[in-house]
Amino acid sequence: MQRIVLASRPRGAVLPENFRLEEVDLPALDVGQVLVRNHYLSLDPYMRGRMSEAKSYAAPQPLDATMIGATAGVVAASRHPDFAEGDAVIGMLGWATHGIAAGGELRKADPRVPLSAGLGVAGMPGVTAWYGLNRILQAKPGETVLVSSASGAVGSVVGQLARLRGCRAVGIAGGPDKCAYVTDTLGFDACVDYKAGRLKEDLRAATPDGVDCLFENVGGLGLDLALARMNAFGRVALCGLIAGYNGDAQPLYNLKHMLIKRLRVEGFIITEHPEVWPQALDELGALVHSGQLRYRESLAQGLTAAPEAFIGLLQGRNFGKQLVQLIP
Ligand SMILES: NC(=O)c1ccc[n+]([C@@H]2O[C@H](COP(=O)([O-])OP(=O)(O)OC[C@H]3O[C@@H](n4cnc5c(N)ncnc54)[C@H](OP(=O)(O)O)[C@@H]3O)[C@@H](O)[C@H]2O)c1
């Protein structure tokens with residue numbers, strides 16, 4: 001099988017030479033294990049954090065080991081009673097064409113949605129959106145929900161779920177194409193293009209009644225200006241700060257709004273809330289199946305394309321959930 005390992009840790013921006021492609025033999029299956037042929041690999045912003053040694057909520061990705069990553073694939077051989085050859089499964093088998101996992105580490109793919117959706121809208125990013133909106137923001141009908149990286153895997157779900165709750169959904173995204181998709185296809189009430197150079201004015205125009213709930217994915221200037229738009233007793237779900245993942249400082253000038261608006265700000269890591277996953281996955285799968293939840297994917301072709309696609313994700317070149325298709 002082929003796999004990609006972390007060859008060196010990035011200093012600043014991620015480079016192709018931080019990765020190395022390897023050919024390795026698959027070991028024999030032990031009792032309780034399952035061999036999976038991966039069809040899709042998920043590329044996610046959290047991987048940037050794991051590539052660094054800095055202290056964080058999770059241990060760093062070891063050097064010379066298979067890069068961490070969620071995968072969707074099909075069982076090729078099984079020595080576990082709950083899995084049979086041909087079963088579609090979601091796991092954490094990493095940047096590799098195949099992987100071996102204990103049965104307990106895999107979940108059966110939702111048959112109501114396409115396999116790849118189990119890594120995006122009906123997978124971890126979808127559950128992240130569901131948790132932040134329902135459990136942290138607790139958005140009420142009529143309230144304004146602002147979400148950054150609105151065309152992305154998490155943000156696209158946040159705004160659509162907010163609309164289904166009867167909220168006004170406003171997105172921030174990079175460029176006119178992404179913004180048009182956010183309003184015209186995903187049904188957000190408005191979307192602000194932060195690359196247009198009028199972020200402060202455009203944000204004010206898009207949120208005439210202020211912002212009650214902020215779902216923050218990016219940080220930087222967008223977060224700073226959004227804080228100034230918050231209403232009294234607003235809530236902020238701090239989900240991601242991708243603008244700073246390469247180590248750039250992210251100064252905040254509008255911190256005083258947390259005090260004068262009496263804001264509640266809560267950071268969260270979705271893997272620390274396993275109790276919500278069954279309900280969230282069930283609801284998201286049903287909404288995708290019924291056509292109420294729409295999504296878009298950027299598909300890179302073949303394992304060797306993963307490093308460039310990941311570098312692109314950190315620069316906003318993806319449009320929707322970034323995946324690598326491992327089988328043409
Ligand atoms: N807390 C958790 O448990 C959890 C779980 C999943 C994801 N997250 C976080 O949620 C956020 C979104 O993740 P995702 O998987 O849905 O990714 P995504 O939004 O599908 O893709 C990343 C997007 O971030 C934007 N971006 C990238 N670099 C940027 C920069 N320097 N400045 C501004 N925007 C930049 C780009 O969109 P534009 O072109 O629109 O700028 C890019 O397309 C990330 O911060 C991620 O770390 C957190």
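A pocket here is an open set of grid points with protein on both sides within 12 Å along at least five of seven lines, and its lining residues have an atom within 4 Å of a point. All the close-ups below come from a predicted model.

**View 1. The second largest pocket and what lines it.** Sixteen is the tally to keep in mind, since 16 residues line this pocket. Thr66, Met92, Leu93, Gly94 and Ile100 are the ones that lie nearest its centre. As for volume, the second largest pocket comes out at about 250 Å³. Sort its lining by class and you get 10 nonpolar residues, five polar ones and one charged.

**View 2. The largest cavity.** The structure has two cavities of 30 Å³ or more, and this close-up takes the largest, with about 60 Å³ of space inside. Its wall draws on several stretches of the chain: Gly120 and Val121, then Ser151, Gly152, Ala153 and Ser156, then Tyr181, Tyr295 and Arg296, and finally Gly320 and Lys321. By class, that lining splits into four nonpolar, five polar and two charged residues.

**View 3. Helix α2 against helix α3.** Here α2 (residues 124-137) meets α3 (residues 153-164), with axes that come within 8 Å and cross at roughly 45°. The two helices are therefore oblique to each other. The crossing of α2 past α3 is right-handed. On the α2 side, the contact uses Pro125, Gly126, Thr128, Ala129, Trp130 and Leu133; α3 answers with Ala153, Val154, Val157, Val158, Leu161 and Ala162. Charged residues are absent from this contact, which has 10 nonpolar and two polar residues. Look out for Ala153, which also turns up in the lining of the largest cavity.

**View 4. Helix α2 against helix α8.** The partner this time is α8 (residues 277-289), packed on α2 at an angle of about 105° with the axes 9 Å apart. That makes the pair roughly perpendicular. From α2, the contact takes in Met124, Gly126, Val127, Trp130 and Arg135, while α8 brings Trp277, Gln279, Ala280, Leu281, Glu283 and Leu284. Seven nonpolar, two polar and two charged residues make up this contact. Gly126 and Trp130 are worth picking out: both meet α8 in this view, and both are on the α2 side of the contact with α3.

Methods:
Residues are numbered from 1 along each chain as its sequence is written. This is a predicted model: local features need pLDDT of at least 70, side-chain atom pairs count only at pLDDT 80 or more; totals for chains, interfaces and linings use all residues. Side-chain values use heavy atoms; hydrogens and water are left out. Axes are lines fitted to C-alpha atoms, for helices over the stretch in contact, and angles run from 0 to 180 degrees between N-to-C directions. Helices (H or I, at least four residues) and strands (E, at least two) are DSSP runs, numbered from the N terminus. Angles under 35 degrees count as roughly parallel, over 145 as roughly antiparallel, 65 to 115 as roughly perpendicular and the rest as oblique. A crossing is left-handed if the near helix is turned anticlockwise from the far one by less than a right angle, and right-handed if clockwise. Contact means heavy atoms within 4.5 Å. Ala, Val, Leu, Ile, Met, Phe, Trp, Tyr, Cys and Pro count as nonpolar, Asp, Glu, Lys and Arg as charged, and the others, Gly among them, as polar. On a 1 Å grid over the protein atoms alone, a cavity is a set of points where a 1.4 Å probe fits but cannot get out, and a pocket is an open set with protein on both sides within 12 Å along at least five of seven lines; lining residues have an atom within 4 Å of a point. Grid points are joined across faces, edges and corners, and a volume is the space filled by probe spheres set on the points.
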